[in-house]
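Thanks for asking me to look this one over. My notes are below, as numbered points you can follow with the structure open beside you.

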Amino acid sequence: AEDAGLRMRPEYVDEVIDNIKKENSLESDEELKRAVRSQGMDYDVFIRQMEETLLKQGVVYSEVNKSLSLDEAQVIEYYKAHKGDFLEPAEFKVRAVYLTLDDRTPAELEARKAEIADKVKGGLDFVQAAETYSDAPLKEAKGDLGNLVAGQIDKTLETALNPLKTGDVSGWVQTKNGWYLLKVEEHKDTRTKTVEEAKRAIEEKMTNELQ
């Protein structure tokens with residue numbers, strides 16, 4: 001490693017130590033030090049051996065990488081064969097008026113929903129409607145649900161959101177948590193990354209396999 005001019009960057013060592021702590025559910029450097037000492041090893045010796053191991057790995061990868069050959073045609077061929085790996089699901093930036101199912105009779109709930117829907121249809125700003133009429137916790141957030149990714153959200157909400165375009169408002173949607181009147185502030189359709197967008201990830205994956 002020394003002959004090759006390889007040096008262990010302190011920030012890389014810190015990153016490796018952080019990963020060790022995460023993998024072993026250790027909250028602090030002190031907990032890691034105690035864990036190392038419990039194994040009968042001095043902490044400084046542990047760090048030095050770890051750095052030496054990383055440098056050895058660096059030598060191996062440096063020598064291996066000299067023999068690697070990866071060209072544009074291979075990247076494109078991989079992309080064509082694995083297009084499904086680069087699919088980005090639909091994403092929605094959503095705001096909602098939210099009503100809980102608690103503390104209201106069915107008749108009161110229906111009246112409240114009708115009142116809010118009429119005001120929104122009549123031109124009431126949706127942010128104002130969400131802040132004014134939503135129940136907690138969305139009231140404080142002015143109805144902001146953030147960015148919702150298809151496949152990672154409540155199926156009922158996803159079904160209601162799918163046909164909506166940017167600026168559209170849904171009808172009332174019931175989930176197990178309550179009722180939502182949804183407005184899509186931005187809708188990004190499902191898309192496949194271009195080969196240029198996927199190129200770096202492909203090169204890293206293929207390089208790892210070649211290594």
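**Notes on the sheet and its surroundings**

1. A good place to start is V94, whose bridge partner in strand 5 is V184. Please keep in mind that this is a predicted model. The two strands concerned, strand 2 and strand 5 (residues 178–188), are antiparallel and share nine bridges.

2. On to the other partner of strand 2. Strand 3 (residues 144–149) pairs with strand 2 over five bridges, again in the antiparallel sense. If you want a residue pair to look at here, R95 stands opposite D144 of strand 3.

3. Now the sheet as a whole. It is an open sheet of four strands in the order 3-2-5-4, with antiparallel pairing. Strand 3 and strand 4 (169–175) form the edges, each pairing on one side only. From one strand to the next, the twist averages 35°. Strand 4 is joined to strand 5 by five bridges, and these two run antiparallel. Within that pairing, Q174 is found opposite W179 of strand 5.

4. Two helices pack on this sheet. Helix 5 (residues 106–121) touches strand 2, strand 4 and strand 5, and its direction makes about 130° with that of strand 2. Helix 6 (residues 126–133) also touches strand 2, strand 4 and strand 5, but its direction makes about 40° with that of strand 2.

5. How many residues of strand 2 are buried? Seven of the nine in strand 2 (residues 91–99) are, so to speak, under cover, and the strand is mostly covered. V94 has a wide set of partners beyond its neighbours within four places in sequence: it contacts G143, D144, L145, G146, L148, L161, L182 and K183.

6. Those contacts lead us to the nonpolar cores. The largest has 17 residues, and V94, L161, Y180 and L182 have the most contacts inside it. Strand 2, helix 7 (155–161) and strand 5 each supply at least two residues of this core, and the largest share, four residues, comes from strand 2. A second, separate core of 13 residues includes L99, I116, A117 and W179. As general background, nonpolar side chains in soluble globular proteins tend to be buried together.

7. Do have a look at helix 4 (residues 72–81) and helix 8 (residues 195–210) too. They pack at an angle of about 105°, with their axes 9 Å apart, and are therefore roughly perpendicular to each other. On the helix 4 side, the contact is made by E72, Q74, V75, I76, Y78 and Y79. Helix 8 answers with V195, E196, A198, K199, I202, E203, K205 and M206. By class, this contact has eight nonpolar, one polar and five charged residues.

8. Finally, three backbone spots to check in the loops. A136 and P137 are joined by a cis peptide bond, with omega about 10°, and P137 sits in the loop between helix 6 and strand 3. K142 is found in the loop between helix 6 and strand 3; its phi is positive, about 55°, although K142 is not a glycine. D103, in the loop between strand 2 and helix 5, also has a positive phi, about 65°, without being a glycine. Are D103 and K142 buried or exposed? D103 is exposed, with a relative accessible area of 81%, whereas K142 counts as partly exposed at 37% relative accessibility.

Note on methods
Residues numbered from 1 in each chain as written. Predicted model: local features only at pLDDT ≥ 70, side-chain atom pairs only at ≥ 80, totals over all residues. Heavy atoms only, no water. Axes fitted to C-alpha atoms, helices over the stretch in contact; angles between N-to-C directions. Parallel < 35°, antiparallel > 145°, perpendicular 65-115°, else oblique. Contact = heavy atoms within 4.5 Å. Nonpolar A, V, L, I, M, F, W, Y, C, P; charged D, E, K, R; others polar. Buried < 20%, exposed > 50% of the residue type's maximum accessible area, 1.4 Å probe, protein only. Pairing = 2+ DSSP bridges. Core = buried A, V, L, I, M, F, W, Y, C linked by side-chain atoms within 4.5 Å.
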